[in-house]
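Open the structure in a viewer and keep the sequence at hand. The tour goes from the whole chain to a single side chain.

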Amino acid sequence: MIIVHHLNNSRSQRVLWLLEELGLDYEVKRYERDSKTMLAPDTLRQVHPLGKSPVITDGDLTIAESGAIVEYLVDRYGAGRLAPGRGGESRLKYTYFLHYAEGSAMPPLLLKLVFDRIEKGPMPFFAKPIAKAIAGRAKSTFIEPQIKRHLDYLESELAQRPWFAGDEFSAADIQMSFPLEAAAARGGLDARYPRLQAFLERIHQRPAYRKALERGGEYGLLS
């Protein structure tokens with residue numbers, strides 16, 4: 001039995017969605033963030049030394065990292081579903097976006113979350129203006145331009161085809177959902193990007209996506 005060690009408001013929501021798309025049986029073991037720090041509990045370190053989510057166990061195997069989990073599940077249980085055939089351009093796009101999602105798209109969005117919290121977080125009154133100035137400068141000169149560059153790029157990609165790897169929905173779209181959901185929540189993905197908005201609307205209508213939300217619970221994109 002596949003066990004998803006599921007942290008609330010996390011990337012592991014994608015894993016639940018993939019399992020639903022594949023029609024696999026699985027168990028959800030829940031972990032809750034600390035209400036003050038929003039960090040994962042130490043009990044996750046009993047599953048994987050880094051104590052991060054997502055992580056799954058499948059028999060004797062323990063697999064962490066979203067991209068690695070997606071590749072493992074599709075390769076082992078997909079039976080040709082949710083991945084283009086090897087050797088073509090669609091397969092190259094598929095592999096690229098599986099890794100791009102976390103390797104390139106998420107870092108500036110995570111930086112924005114961190115600097116937003118610096119701006120709004122509690123601190124001594126004499127330090128607050130300095131911290132706000134530094135955070136604002138970092139966001140305006142580097143972080144926000146980088147996010148815009150990625151969104152422009154992704155909008156142009158979906159001008160060429162309906163899904164990230166080609167004409168068919170694939171696991172690459174599941175992997176790409178998290179940075180785009182995060183960008184819609186806090187990174188400037190708005191009406192300027194009609195194709196990306198349409199992509200989010202399409203995935204939200206998928207029965208497996210909705211079922212994964214039912215299994216996973218509240219989805220707040222905190223990490």
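Start with the whole chain of this predicted model. The radius of gyration is 18 Å, which agrees with the value near 17 Å for a compact globule of 223 residues. Show the C-alpha trace and turn the protein along its principal axes: the spans are about 60 × 45 × 30 Å.

Next, colour by secondary structure. Seven helices and four strands make up the count. What is the order of the elements from the N terminus on? Reading from that end, the run is β-α-β-β-β-α-α-α-α-α-α.

Now switch on contacts. Taking contacts between residues at least 6 apart in sequence, 68% link residues at least 24 apart.

Then display the surface. The accessible area of the protein is about 11500 Å², and carbon and sulfur atoms hold 55% of that area. As for burial, 47% of the 223 residues count as buried.

With the surface still on, select Leu110, Val114 and Ile118. Together these residues make a nonpolar surface patch of about 210 Å². To place the patch in the fold, select residues 89-120, which form helix α3; Val114 lies in this helix.

Finish on Val114 alone. Why does Val114 count as partly exposed? Its relative accessible area is 39%; buried means under 20% and exposed means over 50%, so a value in between is classed as partly exposed. Val114 is thus a partly exposed residue of helix α3 and one of the members of the nonpolar patch.

Methods:
Residues numbered from 1 in each chain as written. Predicted model: local features only at pLDDT ≥ 70, side-chain atom pairs only at ≥ 80, totals over all residues. Heavy atoms only, no water. Patch = residues over 30% accessible without salt bridge, like charges linked within 9 Å, V, L, I, M, F, W, Y side chains within 5 Å. Areas by Shrake-Rupley, 256 points an atom, 1.4 Å probe, with all protein chains shown as cover. Salt bridge = Lys/Arg side-chain N within 4 Å of Asp/Glu carboxyl O. Helix = DSSP H or I, 4+ residues; strand = E, 2+ residues; numbered from the N terminus. Buried < 20%, exposed > 50% of the residue type's maximum accessible area, 1.4 Å probe, protein only. Rg over C-alpha atoms; globule rule 2.2 N^0.38 Å. Contact = heavy atoms within 4.5 Å.
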